[in-house]
Amino acid sequence: MERYASIERKTNETQISLSLDIDGQGQSELETGVPFLSHMLDLFTKHGNFNLTVDAKGDIEVDDHHTTEDIGICIGQALREALGDKRGIKRYGNAFVPMDEALAQVVVDLSNRPHLEMRAQFPNSKVGTFDTELVHEFLWKLALEARMNLHVIVHYGQNTHHMIEAVFKALGRALDEATTIDPRIKGVPSTKGML
């Protein structure tokens, strides 16, 4: 069963072509126009064992907001489409990832009930030219479009880059666990009979 989706999104602010293969080898081809976001998505892909391609053109002369937000939307849509009816998946995933002095935890439930709960205090408002408030924007749009319950906790850290890097690595690992097919699960892992 191929778990793959491609998404096209065109607005007055961004043009995005994106594909996601859940059962990949951690390979990414990323042209986002937002270097820090590309770095984070590369980590997400590698640690999630996905294959992800992104070709995005956005109004980065304004700022990185629209591009970051819309890539989150597209990855969420691709994840939801690629999972189909979610038969046989583990559904839940949990990952702790340390990055030097920082420790992040991401917990997901592919529940069809979108929610983001985020506990993170970043010391700096920017990493390079990237506004750190966009991490929340990206994760919220990802959770909304994938229709997943997403909890992100940065337990501690001092270096903002390290803290965000730990989040994206943990996100990949938690989603890898949640999307894994478990042969013991017959049908959909819910007493409701659907997700």
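Two residues are said to be in contact when heavy atoms lie within 4.5 Å of each other. The structure on view is a predicted model, in which local features need pLDDT of at least 70, side-chain atom pairs count only at pLDDT 80 or more, and totals for chains, interfaces and linings use all residues. Residues are numbered from 1 along each chain as its sequence is written, and side-chain values use heavy atoms, with hydrogens and water left out.

**First stop: Leu-150**

Select Leu-150. Which residues does Leu-150 touch, not counting residues up to four places away in sequence? They are Val-106, Val-107, Val-108, His-115, Leu-116, Glu-117, Leu-139, Ala-143 and Leu-171. A nonpolar core is a set of buried Ala, Val, Leu, Ile, Met, Phe, Trp, Tyr and Cys residues joined through side-chain atoms within 4.5 Å; buried means under 20% relative accessible area, exposed over 50%, and partly exposed in between (1.4 Å probe, protein chains only). The largest such core has 60 residues, of which Leu-139 and Leu-150 touch the most other members. Helix H4 gives the most to this core, with 10 residues. In soluble globular proteins, nonpolar side chains tend to be buried together.

**Second stop: the sheet with S10**

Helices (H or I, at least four residues) and strands (E, at least two) are DSSP runs, numbered from the N terminus. Two strands pair if DSSP finds at least two bridges between them. Select strands S5, S6, S10 and S7, which form an open sheet in the order S5-S6-S10-S7, with mixed pairing. Strands S5 (92–99) and S7 (115–119) stand at the edges with a single partner strand each, so one side of each has no neighbour in the sheet. Axes are lines fitted to C-alpha atoms, for helices over the stretch in contact, and angles run from 0 to 180 degrees between N-to-C directions.

Now select S7 with S10 (residues 149–156): the two pair in the parallel sense over five bridges. Glu-117 stands opposite His-151 in S10. Add helix H3 (residues 133–146), which lies across S7 and S10 and runs at about 155 degrees to S7. Then add H4 (residues 160–179), which lies across S5, S6 (102–109) and S10, at about 150 degrees to S5.

**Third stop: the sheet with S2**

Select strands S1, S2, S4 and S3, an open sheet in the order S1-S2-S4-S3, with mixed pairing. Here S1 and S3 (27–31) are at the edges, each with a single partner strand, so one side of each is left without a neighbour in the sheet. Neighbouring strands of this sheet are turned by 5 degrees against each other on average, direction ignored. Helix H1 packs on the sheet, touching S3 and S4, and helix H2 (residues 65–83) also packs on the sheet, touching S1, S2 and S4.

Is most of S2 (residues 14–21) buried or exposed? Six of its eight residues are buried. S2 pairs with S1 (residues 4–10) in the antiparallel sense over seven bridges, and three residues separate S1 and S2 in their hairpin. S2 also pairs with S4 (residues 51–58), again in the antiparallel sense, over eight bridges. For one such bridge, select Ile-16 and its partner in S4, Ala-56.

**Last stop: H1 against H4**

Select H1 (residues 35–48) together with H4; their axes come within 7 Å and cross at roughly 35 degrees. Residues of H1 that meet H4 include Phe-36, Leu-43 and Phe-44, while those on the H4 side include Ile-164, Phe-168 and Leu-171.
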